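Visitor: Hi, could you walk me through a couple of spots in this structure?
Guide: Happy to, let's have it on screen.

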Amino acid sequence: MIDIAGAVAVESIDEASRDQPDPAHVAAGVRGVAAHYGDPLREQRTLDTEVGLVDRSHRGVIAVPGEERAGWLHTITSQHLTTLAANEGTELLVLSPHGHVEQHALVAEDGETAWLDTEPGATEGLLTYLQKMRFFSKVDPRDATAERALLSLVGPAAMDALGTLGVTGLAAPDVVAVPGPKFAHGAVPPRASVRYDVRPLPIGGWARRGPLGVDLLVPRSAMEQVVAEVRGAGVPVAGLWAYEAIRVAARQPRVGVDTDHRTIPAEVDLIAPAVHLDKGCYRGQETVARVHNMGRPPRRLVLLHLDGVTTDQPPTAGTPVTLDGRAVGFVGTAVLHHELGQVALAVLKRNVPDDAALMIGETAAAIDPS
């Protein structure tokens, strides 16, 4: 999609952007993605009110075939996966021994292979971990980024647009309610904490319905044809800037941008989609359980409104958030939203009140309490 008229590549705006394919993937033929196609705010409105096609083919893809894949992934990640069936998807985390978030991936299971897609730049780390944990298990994880590409239909009309590719009736995400502290064993059903409906595409690959729309994990060789069919049905394209703005407004964190090396799942609302609280032991489980039973993680994810008076440039990820001259957190993703103006996801100390007069450099910021 980078060859579509008007496309402005992410790296042409920010050479240091993390939204670029891994160098190894570039060498294998994976191309960059568009930040926008000439009108970022219009593209945002399209995703917010209708539907647009977003190129997210810079994400890494890992294939995990093998008859023991479900049970194996169950034991080494945060999610309950032993009952994950063909045509189902979910999310998972890899945690450090102390419960800090290291890796995040979305999953699509096709009955023969579990397909994991993850952040650009994170593929090598996740694959290395998986390979180290193989031991004698009948699994064979590999980097499949050069084989598969991720596109996303985003917006309230995503399901209508999906019909142009021959797939209809994908069920909405099925999320298990997060139990309160010190819940009884067995209170959480033995299944993935969130289940996404997955269906095969006639052109090859799979469609997976998620919170923002429908992800299309397609053969990279068929990507051009998929784009042509969707655009031929009247669906416009939208750049990554538009997608990120919609994601921020929905308060969905992105691991590696809206997290730091100390982040635990409960701080950034990753328990519901990616952690099963009653599945038994896995790396980092003790911290997850302790914090959940205490009921108060040390930090929290918030949406900040920035005044935009001193600068029209959103702050970069990692910029400190201060209160009375004292650092109380950091900025994650900051965007210019078509309705909300400058907004950002930030991780703050839990004791920061909702009405605090915060600063990000010389920019005033306020917590959205809703």
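**A helix and a strand**

Guide: Keep in mind that this is a predicted model. Let's begin at the end of a helix: G295 comes right after α10 and has a positive phi, near 85°.

Visitor: Okay, and which residues of α10 are buried?
Guide: Helix α10 spans residues 285-294, and its buried residues are Q285, T287, V288, V291 and H292.

Visitor: How wide an arc do those cover around the axis?
Guide: They span only 165°, which means they sit on the same side of α10.

Visitor: What covers the buried residues of α10?
Guide: The cover includes β5 (88-95) and α9 (271-274).

Visitor: Switching topic to strand β13: how many of its residues are buried?
Guide: Seven of seven, so to speak of β13 (residues 213-219) as mostly covered is fair.

Visitor: Which way does β9 run relative to β13, parallel or antiparallel?
Guide: Antiparallel: β9 (residues 148-154) is joined to β13 by seven bridges. If you want a spot to click on, S152 faces D215 of β13.

Visitor: And how many bridges link β12 with β13?
Guide: Four, and that pairing of β12 (residues 206-209) with β13 is antiparallel. There, A207 lies opposite L216 of β13.

Visitor: What do β12 and β13 form, then?
Guide: A hairpin, with three residues between the two strands.

Visitor: Where do side chains point in a regular strand?
Guide: In general, they alternate between the two faces of the sheet.

Definitions and conventions: Residues are numbered from 1 along each chain as its sequence is written. This is a predicted model: local features need pLDDT of at least 70, side-chain atom pairs count only at pLDDT 80 or more; totals for chains, interfaces and linings use all residues. Side-chain values use heavy atoms; hydrogens and water are left out. Buried means under 20% relative accessible area, exposed over 50%, partly exposed in between (1.4 Å probe, protein chains only). The arc is that of the directions from the helix axis to the C-beta atoms. Contact means heavy atoms within 4.5 Å. Two strands pair if DSSP finds at least two bridges between them.
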